[in-house]
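Visitor: I would like a close look at a single part of this model, taken slowly and with its surroundings. Could you walk me through one helix and what packs against it?

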Amino acid sequence: MKYTKTERLNLYNEAEKYWGKIAQYDQCVEECAELIVAINKYKRKCLYNEYQNNPIVEDNLLEELADTFMCVEQLISYVGEDKLQKRLDEKLDKLAGQIEKQKANKK
């Protein structure tokens, strides 16, 4: 089943009702930690030929990305998407400036 954003947000609200906001924060921390491990294993597979016979490494990365995405999307609903968008735009402006600086240094 493919969920719309509205359906996802409704599920997150249900989760908060059952387990509470603090538990949702804790879950996000746990999922971020698991994503870190999955990224490191995937990186070692791609760069250092470790885990070459382990097809689960990429699938695990996708699973942890999905878990983390859900948690982050839920946290965004707590703080407000407009507030996040403002901060995101600031960060993207900073990144664009850093990229332009790098391009100028390579000339």
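Guide: What follows is a close look at helix H2 and its neighbours in a model that is predicted.

Helix H2 takes in residues 21–48. Its 28 residues, at 1.5 Å a residue, should span 40 Å, and because the C-alpha atoms at its ends do lie 40 Å apart, the expected and computed lengths agree. After the helix comes Asn-49, which has a positive phi, near 60 degrees.

The packing partner to consider next is H3, whose axis lies 8 Å from that of H2, the two helices meeting at an angle of about 150 degrees. An angle over 145 degrees counts as roughly antiparallel, and H2 is therefore roughly antiparallel to H3. Their crossing is left-handed. Sorted by character, the residues of this contact comprise 14 nonpolar, five polar and eight charged.

Which residues of H2 are buried? They are Gln-24, Cys-28, Glu-31, Leu-35, Ala-38 and Lys-45, and what covers them includes both H1 and H3. As background to such a list, an α-helix has 3.6 residues a turn, so residues three or four places apart point the same way.

Gln-24 deserves its own paragraph. This residue lies in H2 and has a relative accessibility of 11%, and because buried means under 20%, Gln-24 counts as buried. Leaving aside residues up to four places away in sequence, Gln-24 touches Ala-15, Glu-16, Trp-19, Gln-74 and Tyr-78. Ala-15 and Glu-16 are among the residues by which H1 makes its contact with H3, and Gln-74 and Tyr-78 are among those that H3 brings to that contact.

That leads to the pairing of H1 with H3. The axes of H1 (residues 5–19) and H3 (residues 56–79) come within 10 Å and cross at roughly 80 degrees, and the two helices are therefore roughly perpendicular to each other. On the H1 side the contact is made by Lys-5, Arg-8, Leu-9, Tyr-12, Ala-15 and Glu-16, while H3 contributes Phe-69, Met-70, Glu-73, Gln-74, Ser-77 and Tyr-78. Here the division is six nonpolar, two polar and four charged residues.

Lys-5, one of the H1 residues in that contact, is also touched by Glu-81, which touches Ile-76 as well, again not counting residues up to four places away in sequence. Glu-81 belongs to helix H4, residues 81–106, and at 44% relative accessibility Glu-81 counts as partly exposed, whereas Gln-24 of H2 is buried.

Conventions: Residues numbered from 1 in each chain as written. Predicted model: local features only at pLDDT ≥ 70, side-chain atom pairs only at ≥ 80, totals over all residues. Heavy atoms only, no water. Axes fitted to C-alpha atoms, helices over the stretch in contact; angles between N-to-C directions. Helix = DSSP H or I, 4+ residues; strand = E, 2+ residues; numbered from the N terminus. Parallel < 35°, antiparallel > 145°, perpendicular 65-115°, else oblique. Contact = heavy atoms within 4.5 Å. Nonpolar A, V, L, I, M, F, W, Y, C, P; charged D, E, K, R; others polar. Left-handed = near helix turned anticlockwise from the far one by under 90°. Buried < 20%, exposed > 50% of the residue type's maximum accessible area, 1.4 Å probe, protein only. Expected span 1.5 Å × (residues − 1).
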